[in-house]
Each structure stands twice: as C-alpha cells, then as structure tokens.
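Let's take a friendly walk through this fold, from the whole chain down to single residues. Have the viewer open and follow along.

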Amino acid sequence: MLTLRIAELRKKNNMTQQELGELLSVSDRTVSKWENGTVLPDVTMLPKLAARFSVSVDALLGLVPLADDYRPSDSGCREYWAHRVEYLKRTRRAMWNEDYLRFLVREVWRLEHPVELLDCGCGCGAMGLLLLGLLPPGSRYVGVDFSEEMLAEARRLFAESGCSAEFVCADFWEWKSIRQYDMVLGQAVLRHVNGGDCFLKKMISHAKPGGLVVSMECNREFEADGLYIDGMDYAGLCTCSGLKKLWRTELAMQNRDYSIAMKIPHYMRKAGLHEVSCRMNDRVNFLCPEQEGYEEMLSDVIRADHWDDEKTENELEENIAYFMNHGMSRAEAEAYCAQQNGIVSWLKQRRGSATLTKFGGILISWGWKAE
C-alpha cells in the first residue's frame, strides 16, 4: 500500500495546500484529496511533486524513507561489534575449508617466501590464524580492528595457538602505517562499511609494489538463497523480495552495498591492480545428526543466525519498524519476521534431528599491485 508523503513534505516546506496547488496548476481541493488518499496524483504529476520537494519519486510514494528520518545500519560502527565477539567466533568456525585455502596460497597465489600480512578489520583474528599455518614459515601477521573487545579475544586465541602477531586498535579509515605489506587482506568487511570501494582503495594503499591484495566478501543474494532445512519449503526459505528492498535502500541512503562482492574485481581493476581474478569459496555446510560434533555445529548455526528464540511481540514490532524504515512494506516486514520465527520453531522442535544445508556465498577476489 502506498503512503503518499505529500502533506508531510508540504508542511516541512511551510507551504499551504493552495500554494502547492498554484505551483502545480491544480486546485487546493485536488491537493487535499491527494493528501487524504481520496484521489491519487496522475502518474505524470509524480516527478513534478518529487522535484518540488527535492526527493525521489520512491520517497514521495513512501517506498523508501526520507533522508531525514532514515536510521542507518550501524554494522560498520565500533559499538555494533563491541558485544559480538561470540557471534564472530561462531560464524568463522564454519566458513572455510583449510585445504582450499592451502590451494589458494600455494597453487593460485604461489606464495613461496615469507610475507608480511596485514588484516584490515581483523575481528578476533580467525583468518589470520588459518593463514599463518599455511603461509611460508617466517611470515608475520598484523591485525587492525577498531574493537578492543575483538582484539582481546584475538590476542587470547593467538596466545593459545602459540602464534605471534601484532594487533593495532584503530579505525582503519584513519589508521596510518609506517610500512607497506606483501599481502593485504579484508574478510567480511566491505559489506558492512559505507563506501566499500573507498575502503578497498585504502587497503590497496597499504600494499607494497608487487604486493597481493585479497578481499573475501559475501554476496547477500547468494547467502539468502543458500539455506535449505530438510522438511521446510525451500522456496519459502529463499523468499527475499523484502530484503531486496532493504538492500537497495541501504545502498541508496548510506552506500552500504549488499552486492559489493560481485563488484570488487572491477574496483580492483579500476584501481590499477593487475592479474585481477575471482573465485568462489568452496565451503558448504551440511549438518546431520550422524556427524561427529553435530550438536556443537548446529548450535553455532543457530546462535550465529539468531535462531535461539522466537521474538516477543515487542521485539517483533521493533524489528518490523526497522525493516520498514529500510524500505520494506509492513506486509514484507511481517512476512520476513514470520519466516525467521518459523525457522526458530522448526529447529527447536527438532533440535536433535534437524538436517540442513547452508552456503555462505563468499567470493574471493584478488589482484597484484604494480611494481
């Protein structure tokens, strides 16, 4: 249902119905009918109304928020990650196959000599730990992140493994290094920040001439289609028309790009990297009760995707309000929340027997900086 915002915009511009009507060559009664929903403006009138108020037609129709009432996603902020250490640890456990990473390091990138590796937005250092076991002996690791809570966990994990590393607590956007690196890495960072293409350019600036720049990012459409729970309707699990509106709204309103994984090779090429290439991460998680460690793996999936408990009415209303603020209609927001609650209920009833397939949709893009 359309929610025309003519009255709201008119009042913000200190304009009467008569004044607006005169500007558009219609009567004040016509403007009144538009505002109370009795009559809709002719389609040819919509661009004129939008231009008069300096908004998009979609914003005029209530399909996307107005700029001054949009609440940005905060997943690119320090505060967002301060209490998500456990979430990050759980999501990283089931993200990569070590043999595939070994193949990339040794057969694709052909890293035969020790490297200095910079991990941009390293979180709890999970990728650094994996790579240090695969890179040539003598390689060194530097992780940068703005969350002291994440870095505290990273230091603990590295100490337990016996690996040495340097960690820097800083906002990567502002951080300046006195040296450049043989390999610069970003994993699941660009999808969260505003202006991921600019973040990538900053990553590239920290690479030595001849250095390797690697970005590992999820494409949200792949991820949204990458879940099947045995016994549930796959088409229902993959329904994401509302999510697509949310993604487009976030891209338009704050330059947070749900599809950046597909664009990174192009950004790399335009930034001057050469031998740019891209692969798909081969990890697909299949969980069934016969597997060793099934309970722990299922618990990781449940907690990582916030399927622990069904939402209360108040929590549902908060979520619906957020989704609507990010472009969904109320019906789409309610349907999405119902879908998520349905998954929670299904898994809770079958906690010891549920089987599922989950694919993260991670693309690995890389290129080499000119000598």
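The report below goes from the overall chain to the sheet, then to one helix and its surroundings, and ends with two backbone details.

## The chain as a whole

Please keep in mind that this is a predicted model. The protein chain holds 18 helices and ten strands. Its C-alpha atoms fill a box of roughly 80 × 55 × 35 Å along the principal axes. Of the 371 residues, 48% count as buried. Contacts often bridge long stretches of sequence: among those between residues at least 6 apart, 76% join residues at least 24 apart.

On the outside, the protein chain exposes about 18600 Å², and carbon and sulfur atoms supply 50% of that area. As for charge, there are 45 positive and 54 negative charges, and the mean positions of the two sets are 4 Å apart.

## The seven-stranded sheet

In what order do the seven strands of the open sheet run? The order is 3-2-1-4-5-10-7, with mixed pairing. Strand 3 (166-169) and strand 7 (274-280) stand at the edges; each has a single partner strand, so one side of each lacks a neighbour in the sheet. From one strand to the next, the twist averages 15°.

Within this sheet, strand 1 (residues 116-120) pairs with strand 4 (residues 181-187) in the parallel sense, over three bridges. To find this pairing in the viewer, look for Asp 119, which stands opposite Leu 185 in strand 4. Helix 8 (residues 98-108) packs on the sheet, where it touches strand 5 (207-218), strand 7 and strand 10 (362-368). The direction of helix 8 makes about 160° with that of strand 7.

## Helix 16 and what it packs against

Helix 16 (294-304) is a good place to look at packing. Its buried residues are Tyr 294, Leu 298, Ser 299, Asp 300, Val 301, Ile 302 and Ala 304. Which elements do these buried residues pack against? They meet helix 7 (85-93), strand 8 (284-287), helix 18 (330-349) and strand 9 (356-359).

## Strand 9 and its partners

Strand 9, one of the elements that the buried residues of helix 16 pack against, has two faces. Leu 356 and Lys 358 make up the covered face, while Thr 357 and Phe 359 make up the uncovered one.

Strand 9 pairs with strand 6 (residues 227-229) in the antiparallel sense over three bridges, and here Ile 229 stands opposite Leu 356. Strand 9 also pairs with strand 8, again in the antiparallel sense, over four bridges. In that pairing, Phe 286 stands opposite Thr 357.

## Two residues with positive phi

Just after helix 16, His 306 takes a positive phi of about 60°, although it is not a glycine. His 306 lies in the loop that leads from helix 16 to helix 17 (313-325). Is His 306 buried, partly exposed or exposed? His 306 is partly exposed, with a relative accessible area of 48%.

Asn 14 is another non-glycine residue with a positive phi, here about 50°. Its place is in the loop between helix 1 (6-12) and helix 2 (17-24). Asn 14 has a relative accessible area of 71% and is therefore exposed, the cut-off for that label being over 50%.

Conventions
Residues are numbered from 1 along each chain as its sequence is written. This is a predicted model: local features need pLDDT of at least 70, side-chain atom pairs count only at pLDDT 80 or more; totals for chains, interfaces and linings use all residues. Side-chain values use heavy atoms; hydrogens and water are left out. Buried means under 20% relative accessible area, exposed over 50%, partly exposed in between (1.4 Å probe, protein chains only). Two strands pair if DSSP finds at least two bridges between them. Axes are lines fitted to C-alpha atoms, for helices over the stretch in contact, and angles run from 0 to 180 degrees between N-to-C directions. Contact means heavy atoms within 4.5 Å. Accessible areas come from the Shrake-Rupley method with a 1.4 Å probe; for residues, only the protein chains shown count as cover. Lys and Arg count as positive and Asp and Glu as negative; His and the chain ends are not counted. The place of a charge is taken as NZ of Lys, CZ of Arg, CG of Asp or CD of Glu.
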